[in-house]
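Reader: I am new to this structure and should like to understand how its descriptions are justified. May I ask for the reasoning behind each term?

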Amino acid sequence: WKLQKFDMNTVTEQQLIAMGFREKLAHTFINYRNKGGRFYKWADVEKIYGLRAEEKAAIEPYLLFPEKASYGNKGFTSKFTKTVSPVAINTASQADWEQLPGIGPYFAARIIKYRNAKGGFTSVDDIAKTYGLAPETFEKIKPYLVLDAPPSAGKTPTASKVNSTLVNINTATEKQLLQVPNMDEAVAKAIIITRQRNGKFSSVADVKRIPFVTETAWQLLQPYLTVD
């Protein structure tokens with residue numbers, strides 16, 4: 001991908017292909033527009049037949065939608081003015097996340113899913129670990145993020161959330177793995193996939209064989225994992 005901010009109502013087919021769109025998908029977008037279709041919101045983009053999940057994740061942060069638009073004799077005109085409100089990361093709703101720059105319905109839902117799996121965020125930087133969220137998008141929204149107490153704050157933690165409890169990587173679900181301090185969604189998913197493909201881990205050290213698990217990440221995770 002070679003993406004940059006673009007308006008799907010005015011971009012050309014050649015520009016889409018240059019940014020990394022499949023030729024067939026680029027043609028489908030333009031054909032939809034040529035038949036009178038317009039893109040006012042993310043839901044309009046999702047109507048496009050053949051748009052894959054990984055493509056949605058890639059293009060969503062770069063799409064511009066007009067708040068006001070007209071398609072008269074003077075052509076398409078739009079205004080992209082938007083007021084962004086601070087977001088309390090542990091209690092924010094889907095709509096709260098969607099109003100952030102570069103975060104539409106797709107990533108808003110991903111962040112909330114990740115938050116629920118973790119049982120709440122302990123740092124603003126936890127948002128950066130959301131699967132598929134580009135680092136530049138996180139840096140763009142970070143100034144608007146506020147750490148607040150999760151709804152369950154003050155309750156007695158369950159055994160699965162006590163840091164001193166070792167998590168068995170041979171039996172843990174993705175949700176249980178995400179309770180491990182410093183565990184991000186990508187690593188949790190990779191552990192599950194590796195286990196399904198290759199069978200049980202013979203040693204905690206096997207986690208280091210996952211290509212994108214760095215030595216630093218391994219050192220942070222290792223104290224909380226077991227194979228017994």
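Reader: What makes Glu174 and Lys189 a salt bridge?

Author: In this predicted model, the closest N and O atoms of Glu174 and Lys189 are 3.5 Å apart. The cut-off is 4 Å between a side-chain nitrogen of Lys or Arg and a carboxyl oxygen of Asp or Glu, so the pair qualifies.

Reader: Where in the chain do Glu174 and Lys189 lie?

Author: Glu174 belongs to helix α8 (residues 174-177) and Lys189 to helix α9 (residues 185-198). The two are 15 residues apart, and their pairing links distant parts of the chain.

Reader: Why is Glu174 called partly exposed?

Author: Its relative accessible area is 25%. Partly exposed covers the range between the buried limit, under 20%, and the exposed limit, over 50%; Glu174 therefore falls in that class.

Reader: How do you know that Arg22 and Glu55 meet in a salt bridge?

Author: The N to O distance between their side chains is 2.6 Å. The limit is 4 Å, so the pair is counted.

Reader: What does the pair of Arg22 and Glu55 tie together?

Author: Arg22 lies in the loop between α1 (13-18) and α2 (23-34), while Glu55 is in helix α4 (residues 53-59), so the salt bridge joins parts that are 33 residues apart in sequence.

Reader: Are Arg22 and Glu55 buried or exposed, and on what grounds?

Author: Arg22 has a relative accessible area of 26%, and Glu55 has 5%. Buried means under 20%, so Glu55 is buried. Arg22 lies between 20% and 50% and is therefore partly exposed.

Reader: What makes Asp206 and Arg209 a salt bridge, and how is each classed?

Author: Their side chains meet at 3.8 Å, N to O, which is within the 4 Å cut-off. Asp206, at 12% relative accessibility, is under 20% and therefore buried. Arg209, at 68%, is over 50% and therefore exposed.

Reader: How many salt bridges does this rule give?

Author: The count comes to eight. A network of salt bridges links Lys41, Asp44 and Lys47.

Reader: Which element has the lowest mean pLDDT, and which the highest?

Author: Strand β3 (residues 69-72) has the lowest mean pLDDT among the elements, 42, and strand β7 (residues 167-168) the highest, 92. Over residues 68-81 the pLDDT is below 50, yet this stretch has 26 contacts in the model beyond near neighbours in sequence. Where pLDDT is low, the predicted coordinates should not be read in detail.

Conventions:
Residues numbered from 1 in each chain as written. Predicted model: local features only at pLDDT ≥ 70, side-chain atom pairs only at ≥ 80, totals over all residues. Heavy atoms only, no water. pLDDT = per-residue confidence, 0-100. Helix = DSSP H or I, 4+ residues; strand = E, 2+ residues; numbered from the N terminus. Contact = heavy atoms within 4.5 Å. Buried < 20%, exposed > 50% of the residue type's maximum accessible area, 1.4 Å probe, protein only.
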